[in-house]
Amino acid sequence: MIDFRSDTLTRPTPGMLEAMMKAPVGDDVFGEDPSINLLENTCASLFAMEAALFCPSGTMTNQIAIKCHTQPGDEVICDRLSHIYQYEGGGIAVNSLASVRLIEGDRGRITAQQVAENINPDDVHKPVTTLVSLENTANRGGGSCYDFTEIEAIKEVCLKNNLKLHLDGARLFNALVAKREKPEQYGKVFDSISICLSKGLGTPVGSVLIGTKEMIRKARRIRKLLGGGMRQAGFLAAAGLYALENHVHRLKEDHAHARQLAEALSQKDFTGEILPVETNIVIFEVKGRFTAASLAARLKEEGIIVIAISPTQIRMVLHLDIHPEDVKQTIAVINAL
Ligand SMILES: *Cc1c(COP(=O)(O)O)cnc(C)c1O
C-alpha cells in the first residue's frame, strides 16, 4: 500500500532507531533527561529564542501556548480553518476558557488588516483580545505558506495592540525549506512557536514549544497539569535530534513529489480545482465520473490510500515513507484511470 493519508504515518528509519537506542536518558520531570535537555536547547538556539519544552503532541504544545498567553474570558484571533480551532477538541474553551474570533483567510492565512479589524475595542461587553495564532504551513490551506512580510505586518499590529503572537508550526520546516527562510526570522517575531517532529520530520512522537524562559517555565507547569510530564522520554527526543540533523533538507523531495502528482492529476477530466501546491500537500476537487469517496475507493483497489476531506475534495500528503518509485507508480495509476 502507498499511503498518502498523512505525514504522521512514517515509521522510524534504521538510523533513527539506532539513535533512539543509544540515547542517554533520565527522569525529565526532574529535568534530568540529557537527550530532552539537548533537544530543547537545540530547538531554542535554532530559532534564536530563550527556551523550549518537549511535549507528547502538537495539540499539547498549541494548547499550552494558548493557556500561557491568555486569561479566562480572553479572545484568540485565528483563521477559521486553523488546527487549534478545528482539530483540538475545543481545547481553547476547555483548557483556557477563552473564546475564538474566526477569520475567513486565504487558504488558511490571515492578513494584518484582518487582524487589526478583529481586535475588540476596550468595552466591558467584549472579550479582551490578547492573542493571535497563525499556522504555517496551513494544513487545510493545502500546505500554503505565509509571505514573511505579512507575518511582519501582523507582528506590527500585535505590538501596537499589546497582543501575543503564536505560531502553530506543525509543518514550519516545510515552509522554511520551500521559501528558503531562516528559523531565526521566526524566532524574532513570534512570542511562541510550536513545531511537530512527528509530521514531515518523521519521528514517532513529539512536538516542541519554543519561547521565552519565563513563558516556558509557566508552560512546564501546564504540561504537568495536562499529564504531559514524561519520564525517560529521551528515547523520543533522540529521534527528534536525529530528524533535525537528517530529515530537514530532504523535505524538498516531498515538495517535488507533490508537484509531480498535481501535474498528473491536472490532466484528468475528473479533477476540478487543485489548490496551489507549495509544499508536501495536494488538495484537489473531484468532479464528473467520480466523487471524492468513489475515487478514494477506486485508488484503494490499486493499493493507493488517500483521504476524502470533504464530499468533493481529496487530500494527498507526501512524506519520508513515500519513495520516488511510489510516486511513479501512483502517477501510472492516475494516468490509466
Ligand atoms: C498535526 C498538526 C498539529 C498537532 O497535531 P498532533 O497530532 O496533536 O501532534 C497541529 N497543527 C497542525 C496544523 C497540524 O497539522
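**Notes on a predicted single-chain model**

1. Let's start with P72: its relative accessible area is 54%, so it counts as exposed (exposed means over 50% relative accessible area, buried under 20%, and partly exposed in between, with a 1.4 Å probe and protein chains only as cover). You'll find P72 in the loop between α3 (58-69) and β3 (75-79). Setting aside residues up to four places away in sequence, P72 touches S96 and L97, where a contact means heavy atoms within 4.5 Å. P72 and R221 are 149 residues apart in sequence, and their C-alpha atoms are 17 Å apart in space.

2. A word on what you're looking at. This is a predicted model, in which local features need pLDDT of at least 70 and side-chain atom pairs count only at pLDDT 80 or more, while totals for chains, interfaces and linings use all residues. Residues are numbered from 1 along each chain as its sequence is written, and side-chain values use heavy atoms, with hydrogens and water left out.

3. Now the whole chain. There are 14 helices and 13 strands; these are DSSP runs numbered from the N terminus, with helices being H or I of at least four residues and strands being E of at least two. The radius of gyration is 20 Å, close to the 20 Å from the globule rule for 337 residues, so the chain is as compact as a globular protein of that length. That radius is taken over C-alpha atoms, and the rule is 2.2 Å times the number of residues to the power 0.38. The C-alpha trace spans about 60 × 55 × 35 Å along its principal axes.

4. Inside and outside: 56% of the 337 residues count as buried. The chain exposes about 14600 Å², and carbon and sulfur atoms supply 52% of that (areas come from the Shrake-Rupley method with a 1.4 Å probe; for residues, only the protein chains shown count as cover). Among contacts with a separation of 6 or more, 74% are between residues 24 or more positions apart.

5. Charges next. The chain has 37 positive and 41 negative charges, and the mean positions of the two sets are 2 Å apart. Lys and Arg count as positive and Asp and Glu as negative, leaving out His and the chain ends; each charge is placed at NZ of Lys, CZ of Arg, CG of Asp or CD of Glu.

6. Have a look at helix α11 (residues 234-246). Its 13 residues reach 18 Å from the first C-alpha to the last, close to the 18 Å expected at 1.5 Å a residue; the expected span is 1.5 Å times one less than the number of residues. Which residues of α11 are buried? They are G234, L236, A237, A238, A239, G240, L241, A243 and L244. Their cover includes α1 (14-21), α2 (34-46), β2 (51-55) and α8 (172-179).

7. Another helix, another buried residue: D254 sits in α12 (residues 251-266). With a relative accessible area of 0%, D254 is buried. Its contacts, leaving aside neighbours within four places in sequence, are T279, N280, L318, H319 and L320.

8. Not every buried residue you meet here is in a helix. R171 lies in the loop between β6 and α8, and at 4% relative accessible area R171 is buried. Not counting residues up to four places away in sequence, R171 touches D7, N136, T137, N139, K199, N280 and I281. Two of those partners, N136 and T137, are joined by a cis peptide bond, with omega near 0°. T137 is in the loop between β5 (129-135) and α7 (148-160).

9. Two backbone oddities to check on screen. N162 isn't a glycine, yet its phi is positive, near 60°; N162 is in the loop between α7 and β6 (164-169) and counts as exposed at 69% relative accessibility. R180, also not a glycine, has a positive phi of about 50°. Is R180 buried or exposed? At 77% relative accessibility, R180 counts as exposed, and its place is the loop between α8 and α9 (183-189).

10. Last one: R11, in the loop between β1 (2-3) and α1. R11 is exposed at 62% relative accessibility. Its C-alpha is 7.0 Å from that of G202, although the two are 191 residues apart along the chain.
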